[in-house]
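Colleague: Could you walk me through one part of this model in detail? I'd like to start with a quick check and then go to the piece I care about.

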Amino acid sequence: MDSSKLIDQRIAELADWRGKTMEKLRKIIRDADPKITEEWKWDTPVYTHDGLVVAVGAFKGSVKMNFFQGASLPDSHKLFNAGLDAKKTRAIDFHENDKINESALKDLIRRAVALNRGG
């Protein structure tokens with residue numbers, strides 16, 4: 001099964017707010033960078049463009065968006081709220097009823113892609 005279908009399947013399996021959140025994050029990621037590639041790694045959706053950009057996973061009480069080079073990204077909107085002590089990564093944990101700052105998140109995704117592209 002291809003990666004996009006595996007991601008569709010994971011979202012469908014999560015018949016609660018986590019599936020809806022993952023679907024929304026997927027759309028934001030793809031809108032931020034239409035050339036981003038969806039992959040299935042480590043049993044989770046991973047998005048790449050000239051390298052690893054972000055992974056999105058569902059957990060019991062949250063949906064985690066992990067930026068692989070997050071420690072190197074400016075976060076002027078203070079989106080990162082998890083993994084703040086990690087050497088390379090940073091994450092955003094979304095909880096039920098959280099509002100998503102779509103424009104700030106798209107900007108962060110674009111910065112992550114730009115970092116992968118060397119700038």
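Colleague: Is lysine 78 buried or exposed, and what is its relative accessible area? After that, please take a close look at the hairpin of strand 1 and strand 2, and tell me what surrounds it.

Modeller: Quick check first, and keep in mind that this is a predicted model. Lysine 78 is exposed, with a relative accessible area of 68%. You'll find lysine 78 in the loop between strand 4 and strand 5. From there to asparagine 101 is 23 residues along the sequence and 11 Å through space, going C-alpha to C-alpha.

Now the hairpin. Strand 1 covers residues 37–41 and strand 2 covers residues 44–48, and the two run antiparallel, paired over five bridges. At the turn end, lysine 41 faces threonine 44 across the pairing, and further along glutamate 39 stands opposite valine 46. Two residues sit between the strands, and tryptophan 42, in that turn, has a positive phi of about 55 degrees.

That tryptophan is worth a stop. Tryptophan 42 is exposed, at 61% relative accessible area, and lysine 41 lies over the face of its ring, 5.9 Å from the ring centre. There's an aromatic partner too: searching the whole structure turns up two aromatic pairs. One of them joins tryptophan 42 and phenylalanine 68, with ring centres 6.1 Å apart and planes at 45 degrees, so that pair is tilted. Tryptophan 42 is in the loop between strand 1 and strand 2, while phenylalanine 68 is in the loop between strand 4 (63–67) and strand 5 (90–94), so the pair ties together parts 26 residues apart in sequence. The two partners differ in exposure: phenylalanine 68, at 15% relative accessibility, counts as buried, whereas tryptophan 42 is exposed.

The other pair starts one place back along the chain from there. Phenylalanine 67 and phenylalanine 80 have ring centres 5.5 Å apart and planes at 75 degrees, so they meet edge-to-face. This pair also links distant parts of the chain, with phenylalanine 67 in strand 4 and phenylalanine 80 in the loop between strand 4 and strand 5, 13 residues apart. Both phenylalanine 67 and phenylalanine 80 are buried.

Back to your hairpin, and to strand 1 in particular. Glutamate 38 lies in this strand and is buried, at 11% relative accessible area. What does a glutamate do with its side chain in there? Two polar contacts, each of 2.6 Å, account for the details I can give you: one joins the side chains of glutamate 38 and serine 4, the other the side chains of glutamate 38 and arginine 26. Leaving out residues up to four places away in sequence, glutamate 38 touches Ser3, Ser4, Ile7, Arg26, Arg30, Val46 and Tyr47.

Strand 2 is mostly covered, with five of its five residues buried. Which side do they sit on? Thr44, Val46 and Thr48 are on one side, Pro45 and Tyr47 are on the other, and all are buried, so to speak with both faces covered. In a regular strand the side chains alternate between the two faces of the sheet.

Strand 2 also has a neighbour on its other flank. Strand 2 and strand 3 run antiparallel and are joined by three bridges, and valine 46 has alanine 55 as its bridge partner in strand 3. Strand 2 and strand 3 make a hairpin as well, with three residues between them, and aspartate 50 in that turn has a positive phi of about 55 degrees.

Zooming out, your hairpin belongs to an open sheet of five strands, ordered 1-2-3-4-5 with antiparallel pairing. The edges are strand 1 and strand 5, each pairing on one side only, and the twist averages 25 degrees from one strand to the next. Toward the far edge, strand 4 and strand 5 pair antiparallel over five bridges, and valine 63 stands opposite phenylalanine 94 there. Helix 1 (residues 3–13) packs on the sheet and touches strand 1 and strand 2, its direction making about 70 degrees with that of strand 1. Helix 2 (residues 17–32) lies across strand 1, strand 2, strand 3 (52–58), strand 4 and strand 5, running at about 30 degrees to strand 4.

How values were computed. Residues are numbered from 1 along each chain as its sequence is written. This is a predicted model: local features need pLDDT of at least 70, side-chain atom pairs count only at pLDDT 80 or more; totals for chains, interfaces and linings use all residues. Side-chain values use heavy atoms; hydrogens and water are left out. Two strands pair if DSSP finds at least two bridges between them. Helices (H or I, at least four residues) and strands (E, at least two) are DSSP runs, numbered from the N terminus. Rings of Phe, Tyr and Trp (its six-membered ring) pair if their centres lie within 6.5 Å; planes under 30 degrees apart count as stacked, over 60 as edge-to-face and the rest as tilted. Buried means under 20% relative accessible area, exposed over 50%, partly exposed in between (1.4 Å probe, protein chains only). A charge sits over a ring if NZ of Lys or CZ of Arg is within 6 Å of the ring centre and within 35 degrees of the ring normal. Axes are lines fitted to C-alpha atoms, for helices over the stretch in contact, and angles run from 0 to 180 degrees between N-to-C directions. Contact means heavy atoms within 4.5 Å. A polar contact is a pair of N or O atoms within 3.5 Å; within protein, one must be able to donate a hydrogen and the other to accept it, and residues adjacent in sequence count only if both atoms are side-chain atoms.
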